[in-house]
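Colleague: I am new to reading protein models, and I would like to go through this one with you step by step. Could you show it to me first?

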Amino acid sequence: MMYDENDYEELPDYDEEQGYGEDPDDSGYPKLPEPSRRQNYSNRYIGETLGAVMQSLTEYARTLEREKSNRADIERKRKTALSVIRSERGVMLQYLNHRFGERQSLYQQYFQLIDTALEQQQEELVRMVLENILNIYQDNPCSGLEDFRQQFEAISEVVHI
């Protein structure tokens, strides 16, 4: 877009001795309000600006408090979940140690019985003991785990209430 000299409004020439003239209306610039009116304008703008700043600060403080309480709530829930997981872990380890400890004890007793039956040359007893070992071995040690877990959750529900 090209500008032409005719597009500009002519301003009065500046005369060093006279300035722009006595009357500000002759200068082509808007007239400034009287000092008392200028004070009212500045007070109004300062009041509006301060009001907007205070409103923003108040909203920020509310948001900050809300976020602090949200973080505290999340931290509380995290600690609760961790304590539940740790207690479940402890109970599950005890269950598995008991379950596999029981199997270990049975295997040790059966192998001692096999040793005794072999010394006494009792083939029928060796066969029966080996069948029992196979039955224990085929039994899934985690088969009762789901029932145990459901019972533990039922107890946990009572504790949470």
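Modeller: Here it is, and please keep in mind that this is a predicted model. Let us begin on the surface, where V53, M54 and L57 form a nonpolar patch with about 280 Å² of accessible area together.

Colleague: Thanks! Is L57 of that patch buried, partly exposed or exposed?

Modeller: L57 sits in helix α1, which covers residues 35-119. Its relative accessible area is 48%. Partly exposed is the class between 20% and 50%, so with 48% L57 counts as partly exposed.

Colleague: Now the inside, please. Which residues make up the largest nonpolar core?

Modeller: A core of this kind is made of buried residues, which means under 20% relative accessible area. The largest one has 6 residues: Y107, Y110, I114, V129, I133 and I136.

Colleague: Which helices each supply at least two residues of this core?

Modeller: One contributor is the helix that also holds L57, namely α1. The other spans residues 123-138. The helices that each supply at least two core residues are α1 and α2.

Colleague: What does Y107 touch, if we leave aside its neighbours within four places in sequence?

Modeller: Y107 is a member of the largest nonpolar core, and so are I133 and I136. With the close sequence neighbours set aside, the contacts of Y107 are I133, I136 and Y137.

Colleague: Which residue in the loop between α1 and α2 has a positive phi although it is not a glycine?

Modeller: The residue lies in the loop between α1 and α2, and its phi is about 55°. It is also exposed, because its relative accessible area is 69% and exposed means over 50%. The residue is Q121.

Colleague: Let us turn to charges. How many salt bridges does a search of the whole structure find?

Modeller: Side chains of opposite charge can pair when their charged atoms come close. A search of the whole structure for such salt bridges finds 6.

Colleague: How far apart in sequence are K77 and D73, and how far apart are their closest N and O atoms?

Modeller: K77 and D73 are 4 residues apart in helix α1, so about one helical turn separates them. D73 is partly exposed, with a relative accessible area of 28%. Their salt bridge has its closest N and O atoms 3.5 Å apart.

Colleague: And what is the distance between the closest N and O atoms of R78 and E75?

Modeller: Both residues lie in helix α1, 3 residues apart, about one turn of the helix. R78 is partly exposed at 41% relative accessible area, and E75 is partly exposed at 31%. For this salt bridge the distance is 2.7 Å.

Colleague: Which residue in helix α2 forms a salt bridge with E124?

Modeller: The two partners are 3 residues apart in α2, about one turn of the helix. E124 is partly exposed, with a relative accessible area of 45%, and its partner counts as partly exposed at 41%. With the closest N and O atoms 2.2 Å apart, the partner is R127.

Colleague: Which residues are joined into one network by salt bridges that share partners?

Modeller: We have already met two of its members, since K77 and D73 form a salt bridge. The whole network consists of D73, R76 and K77.

Colleague: Last one: which element has the lowest mean pLDDT?

Modeller: The protein averages a pLDDT of 77, and 70% of the residues score at least 70. Where pLDDT is low, the predicted coordinates should not be read in detail. Among the elements, α2 has the highest mean, 89. The lowest mean, 70, belongs to helix α3.

Definitions and conventions
Residues numbered from 1 in each chain as written. Predicted model: local features only at pLDDT ≥ 70, side-chain atom pairs only at ≥ 80, totals over all residues. Heavy atoms only, no water. Patch = residues over 30% accessible without salt bridge, like charges linked within 9 Å, V, L, I, M, F, W, Y side chains within 5 Å. Areas by Shrake-Rupley, 256 points an atom, 1.4 Å probe, with all protein chains shown as cover. Salt bridge = Lys/Arg side-chain N within 4 Å of Asp/Glu carboxyl O. Buried < 20%, exposed > 50% of the residue type's maximum accessible area, 1.4 Å probe, protein only. Core = buried A, V, L, I, M, F, W, Y, C linked by side-chain atoms within 4.5 Å. Contact = heavy atoms within 4.5 Å. pLDDT = per-residue confidence, 0-100.
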